[in-house]
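Subject: A structure for you to explore

Hi there,

I am passing a structure on to you, together with some notes on what turned up in it. Have a look at it first, and then read on.

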Amino acid sequence: MSSPDPISLVALIISLVALILTLLQVAQQYVATGYDYRHCSERTLGGWHKRSRRQFIWRELRFEVHFTAPIIHIGILPSDSTDGGDAYAVPTTSTVTEKTSRSRSASSTSGARYILHGREGDKIYTSSQNPWFLDPKGTRPEAKCTWLSLLNDTTITHLQIGIDELALSYDFMPDGIKKPLAQMDRKSFLTLMSLFQVSWQEGWGAEKTELGGGKRGTPTGAGPYGEVTSRNLANFGPVISYQPSNFPPTKRFYIVSEKARSAMFSRFDLGFHVVLTHSADEVYRSALALADEQAADTVQGFFRDNNGYSPGLAEVIECFAEPEMPKAIEHGTDTFISIFSARSVGTLFDQCQIVQLLIGEEVNNSTPLSKTITTWAMDWASSVKDNEVGFPADQLQAALKFARRYFGTPTHQREPISWSESRRSLHVIKFLDKQLSNLCHLLAPGQSELSVHREFAKLQIRFGSTLFHDTSAMAQPSRGHWLDFVGAFVAEKYVEISSILGEKYPGSREEVRHGYVINRLARGVLWVIHNGNCSSNQTHDERLLECSLNSRWLSDTSTLWID
């Protein structure tokens with residue numbers, strides 16, 4: 001057998017190499033049609049990359065890239081989600097169930113609860129589980145989708161997170177999109193970012209009108225734990241980016257009810273009325289609906305001239321609003337902050353003299369009516385201790401004494417309120433509200449509790465709006481300071497409120513009316529303690545723009561895209 005011709009062998013090798021290169025070139029061209037698939041890799045999507053795929057379209061001889069991204073909805077955990085346990089406990093166990101009905105095991109821990117809506121039904125997870133949709137494994141910081149960071153940060157919240165899987169094709173995404181986009185309604189996004197203490201860019205969110213204006217603006221702001229930025233894509237619209245910082249490992253965020261959520265948007269649901277506090281006009285309308293035009297004009301004027309101060313209306317909020325405002329709690333350190341629209345709730349309840357009246361101490365510039373209120377408070381305290389089964393009378397006195405020390409300290413020298421003191425005040429508030437229901441039935445048998453509360457609120461606004469004028473008049477003869485006469489003012493006005501309630505409900509007993517008045521005064525003081533450590537109404541406060549959005553954003557379910 002003759003040996004192969006060297007020239008033919010070389011030619012064959014060259015031909016084979018050329019064939020291989022040609023095949024590789026053709027393959028590369030086909031693969032290049034799926035170029036966007038690299039944006040759907042583990043480095044970008046973490047656990048979501050398993051939902052990505054390439055589909056070859058034979059008619060077009062190219063690949064089409066499909067990816068799956070979430071539609072995220074932020075809700076409030078049902079009130080029975082802790083099965084009577086501690087809503088503020090740190091989650092310690094992991095649970096997952098694939099039942100669509102609410103599972104006892106899935107709700108037995110605190111923290112976020114996730115409901116993944118899929119073709120096979122709903123799957124319910126707890127935040128301490130490590131489900132695939134929260135998996136950041138394999139991601140790179142420069143490539144990672146910011147919505148994946150947002151999803152991961154929800155694990156330290158006490159919220160219900162709804163997730164729908166949205167399958168999309170890169171063929172129909174606009175130019176400039178380099179990462180799969182998630183969707184979130186504005187209400188959900190603004191709720192979560194406000195809870196994370198984002199201070200919104202000054203003026204943003206205020207322009208939303210009755211006709212739905214303000215859509216031209218996109219959320220922009222920054223806080224201690226993250227930053228929100230946006231960019232506009234031609235023929236598409238705004239795309240949001242969420243850049244998180246490091247959260248302390250023991251910090252948890254809580255919103256216990258829809259009423260508490262709305263308080264982050266300058267909206268306070270009192271049961272008998274909804275008070276809006278975002279602007280001077282809203283404050284005017286709220287005061288007018290509850291009281292009269294003269295009081296509304298006065299409250300509006302103070303709001304405009306004193307950075308949101310709303311005398312009278314603020315006291316009503318603290319007496320009847322949701323007890324528990326949203327919180328960020330540092331477990332293990334006994335520290336917390338309250339996160340809500342607090343600019344308009346600076347009131348006379350944060351004055352030491354009110355607490356002194358409630359615990360039997362003599363106030364500055366005391367009057368006979370001051371002693372009358374003190375007598376009522378002492379009689380009421382003895383009554384609840386002797387007659388109210390289960391009422392925490394000792395805790396009430398301890399909470400009021402703490403309030404006396406706290407409000408008795410000059411503002412610039414006050415230490416933050418501890419979480420343990422805040423919780424004690426909340427415990428007492430819940431009993432005060434329960435007792436109030438009984439007092440209403442005794443005060444006005446056959447009438448609704450809300451109608452009694454509304455009558456009391458009307459008087460609070462009418463008299464509270466005259467606070468500065470009346471105390472200034474009291475101080476003028478001695479050339480004193482108006483604040484030194486707050487105790488005397490409160491005693492005079494709340495004794496008069498009790499008298500008016502007697503005329504309104506002629507069959508009521510004096511001790512019932514007195515109990516109602518003292519119950520609400522104590523509730524107002526303890527509400528301020530429990531929801532303390534909030535942003536103040538001082539212009540230098542770095543938290544001033546926190547929770548500074550108009551309440552109309554709560555009804556905005558339009559879509560935001562997050563990269």
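**The largest cavity**

Helix 15 gives the largest share of the lining of the largest cavity, four residues. Please keep in mind that this is a predicted model.

How big is that cavity? Its volume is about 50 Å³, and the count of cavities of 30 Å³ or more comes to two. If you would like to find the largest one on your screen, look for its lining: Glu 315, Leu 348, Gln 460, Phe 463, Gly 464, Phe 489, Lys 493, Tyr 494 and Ile 497. Two helices, helix 13 (449-464) and helix 15 (486-504), each supply at least two of these residues. By character, the lining divides into five nonpolar, two polar and two charged residues.

**The nonpolar cores**

In soluble globular proteins, nonpolar side chains tend to be buried together. Here, the largest nonpolar core has 92 residues, and Phe 268 and Val 525 are the ones with the most contacts inside it. Helix 16 contributes the largest share of this core, with 11 residues. There is also a second, separate core of 62 residues, which includes Ile 74, Tyr 114, Leu 148 and Ala 260.

Which residues does Phe 268 touch? Leaving out residues up to four places away in sequence, its partners include Ala 263, Ile 317, Ala 321, Met 325, Phe 340 and Val 345. His 273, Thr 277 and Ser 341 are among the residues it touches as well.

**Two single residues**

Asn 550 is worth a click. You will find Asn 550 in the loop between helix 16 (510-530) and strand 18 (559-562). Is Asn 550 buried or exposed? Asn 550 counts as buried because its relative accessibility is 4%, and the cut-off for buried is under 20%. A polar atom of its side chain lies 2.9 Å from the backbone nitrogen of Arg 552.

Lys 123 sits in strand 5 (residues 121-126). With a relative accessible area of 22%, Lys 123 is partly exposed, since that class runs between the 20% limit for buried and the 50% limit for exposed. Lys 123 and Ile 163 are 40 residues apart along the chain, and their C-alpha atoms are separated by 9.9 Å.

Enjoy looking around!

Best wishes

Methods. Residues numbered from 1 in each chain as written. Predicted model: local features only at pLDDT ≥ 70, side-chain atom pairs only at ≥ 80, totals over all residues. Heavy atoms only, no water. Buried < 20%, exposed > 50% of the residue type's maximum accessible area, 1.4 Å probe, protein only. Polar contact = N/O pair within 3.5 Å; in protein donor to acceptor, adjacent residues only side chain to side chain. Core = buried A, V, L, I, M, F, W, Y, C linked by side-chain atoms within 4.5 Å. Contact = heavy atoms within 4.5 Å. 1 Å grid on protein atoms, 1.4 Å probe; cavity = no way out; pocket = protein on both sides within 12 Å on 5 of 7 lines; lining within 4 Å. Points joined across faces, edges and corners; volume = space filled by probe spheres on them. Nonpolar A, V, L, I, M, F, W, Y, C, P; charged D, E, K, R; others polar.
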